[in-house]
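Student: I'd like to zoom in on one part of this model and go through it slowly. Could you take me through the empty space inside and whatever sits around it?

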Amino acid sequence: MTFASTTFWTVVLAGTVSLATPLMFAALGETVVELSGVLNLGIEGMMLMGALGGIAGSHVGGSMVGVLAGLAVGALFGGVMALGVSVMGANQIIVGIAITFVGTGLSDYLFEVWSPTGQTVITAPLVPTIRVPVLSRIPVVGQALFHESILTYVALALVVLLTWFLRKSRFGLLIRACGDDPASAQIRGVRTRNVRVLTLLVGGAMAGLGGAAITIGYLGSFVADVTNGSGFIAIAIVIIGAWSPLGCLAGALMFGFFQSLGLQAQTVSLGLPVECYDALPYVVTLLVLFLTVHRRRAPAALGLPLPTGGE
C-alpha cells in the first residue's frame, strides 16, 4: 500500500469517519451546553467514564446495553456539573476541571479494580455496522460512508435534528436566550436555571456516548486515557464550528482526517517522521482557530453565572 494507492485513501477516509464519530457526539452536546451559557471543561472526564461504562455494559449485556450505560454515566456526571454550577453557583471552570480530574482518575481506578494489570485484557462486542448495498462498493468513499457503525449514522442524524431544533423549536430559542441574555430571559419568565440544568444533562449524556463510541464503536477494549484528549478537542471543534451542529460535523471530520492520516503514517512511509503526522491534527486545529477567530461570536453570557435571583 502506497500514498498514491486507492487502498490507502480508502483506509484513511474510513478511519476519518470512525474517529470523527466520538468527537461529533461530544461536540454536539457541548454546543447545546455552551449555547445555554455554560462552559463545560469536564467533557474529557465525562468521556472517559462513558468509555468505561460503555465497555462494562457491552461486556455484561451486549453493545446496546453499553450504549445506554455510556449515556447514563455521562448524564450522571452532567448532573454533578449542573448541581455545582447551576444550583450551587460554583465557578464553571473550576467545576469542569475538577470533573475532568475525577473522571480520569476514577475511570483508571475502577478499571484496575475490574481488570488488574497483568490479567487478560477485557474485550466486549462492538456496536453493529451497517453496510448499504451497492453504495458501499463505490471506490474509495463507499467504505467510508456506507459501511459504518450504527453510532456514526446516529451522530449524522443528530446533526440534522439539532440544526432544526436549535433554529426552529421554541426550546431551542430558549436555550439561545439563556446563553445570550439570561437577565432578559428571566424577565420574560424563562426558568434559566432549569434550562441550563437540562442542557448539562444532555451534554453530559452526549459526552458519555462519545466515550462509549470509542470503546464499543471501534476499539473493543478500554485502556487508561483512552480518549487521548478528545474532550478538549471537542471544545475546540465547537469554537471552530461557530456553535453550529453543521460546523461541529465539519470540524470533527477535519480532525478525524488528519488523525487517520497520522495512524496510517505509522505503517506507510509518507516522507516525514511519524511524529510529524501525530502532531498534525492538533497543529491544524490550532491553525484553523487562529485563522477564523474573527468570524465567530460566542454566546454573550458564555461562562458567566446567572444573574442574582435567577430561576
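Student: About how much space lies in the largest cavity?

Tutor: Keep in mind that this is a predicted model. The largest cavity holds about 30 Å³ of space, and the count of cavities of 30 Å³ or more comes to one. Its lining is made up of Leu23, Thr227, Asn228, Ser230, Ile233, Phe255, Gln259 and Tyr282. Sorted by type, those residues give four nonpolar, four polar and no charged. Two elements, α10 (230-240) and α11, each contribute two or more residues to that lining.

Let's stay with two of the lining residues, Phe255 and Tyr282. Their rings make an edge-to-face aromatic pair, with 5.4 Å from centre to centre and 75 degrees between the planes. The pair joins distant parts of the chain: Phe255 belongs to helix α11 (residues 245-264) and Tyr282 to helix α12 (residues 274-291), 27 residues apart. How exposed are the two partners? Phe255 has a relative accessibility of 4%, so it counts as buried. Tyr282 comes out at 33%, so it counts as partly exposed.

Now for the open space. The largest pocket has a volume of about 370 Å³. It is lined by 21 residues, and the closest to its centre are Leu19, Tyr218, Asn228, Gln259 and Leu263. You've met Asn228 and Gln259 already, as part of the lining of the largest cavity. The elements that supply two or more residues to the pocket lining are α1, α9 (192-219), α11 and α12. By type, the pocket lining splits into 13 nonpolar, six polar and two charged residues.

One of those elements, α1, deserves its own look. Helix α1 (residues 6-35) has 30 residues and spans 41 Å from its first C-alpha to its last, close to the 44 Å expected at 1.5 Å a residue. There is a bend of about 30 degrees at Thr21, and a proline, Pro22, follows within four residues. The helix is mostly covered, with 23 of its 30 residues buried. Just after α1, Gly37 adopts a positive phi of about 105 degrees.

Back to the rings for a moment. The model has six aromatic pairs in total. In one of them, Phe165 and Phe171 have ring centres 6.3 Å apart and planes at 45 degrees, so that pair is tilted. Phe165 is partly exposed because its relative accessibility is 23%, and Phe171 is partly exposed too, because its value is 28%. Ring pairs also tie Trp9, Phe257 and Phe258 into a cluster.

One last contact, this time between two glycines. Gly103 sits in helix α4 (residues 92-114). Its relative accessible area is 0%, so Gly103 is buried. Gly103 and Gly45 are 58 residues apart in sequence, yet their C-alpha atoms are 3.9 Å apart in space.

So, if you want a place to start in the viewer, try Phe255: it lines the largest cavity, it counts as buried at 4% relative accessibility, and its ring is paired edge-to-face with Tyr282.

Conventions: Residues are numbered from 1 along each chain as its sequence is written. This is a predicted model: local features need pLDDT of at least 70, side-chain atom pairs count only at pLDDT 80 or more; totals for chains, interfaces and linings use all residues. Side-chain values use heavy atoms; hydrogens and water are left out. Rings of Phe, Tyr and Trp (its six-membered ring) pair if their centres lie within 6.5 Å; planes under 30 degrees apart count as stacked, over 60 as edge-to-face and the rest as tilted. Buried means under 20% relative accessible area, exposed over 50%, partly exposed in between (1.4 Å probe, protein chains only). The expected span of a helix is 1.5 Å times one less than its number of residues. The bend at a residue is the angle between axes fitted to the seven residues ending there and the seven starting there. On a 1 Å grid over the protein atoms alone, a cavity is a set of points where a 1.4 Å probe fits but cannot get out, and a pocket is an open set with protein on both sides within 12 Å along at least five of seven lines; lining residues have an atom within 4 Å of a point. Grid points are joined across faces, edges and corners, and a volume is the space filled by probe spheres set on the points. Ala, Val, Leu, Ile, Met, Phe, Trp, Tyr, Cys and Pro count as nonpolar, Asp, Glu, Lys and Arg as charged, and the others, Gly among them, as polar.
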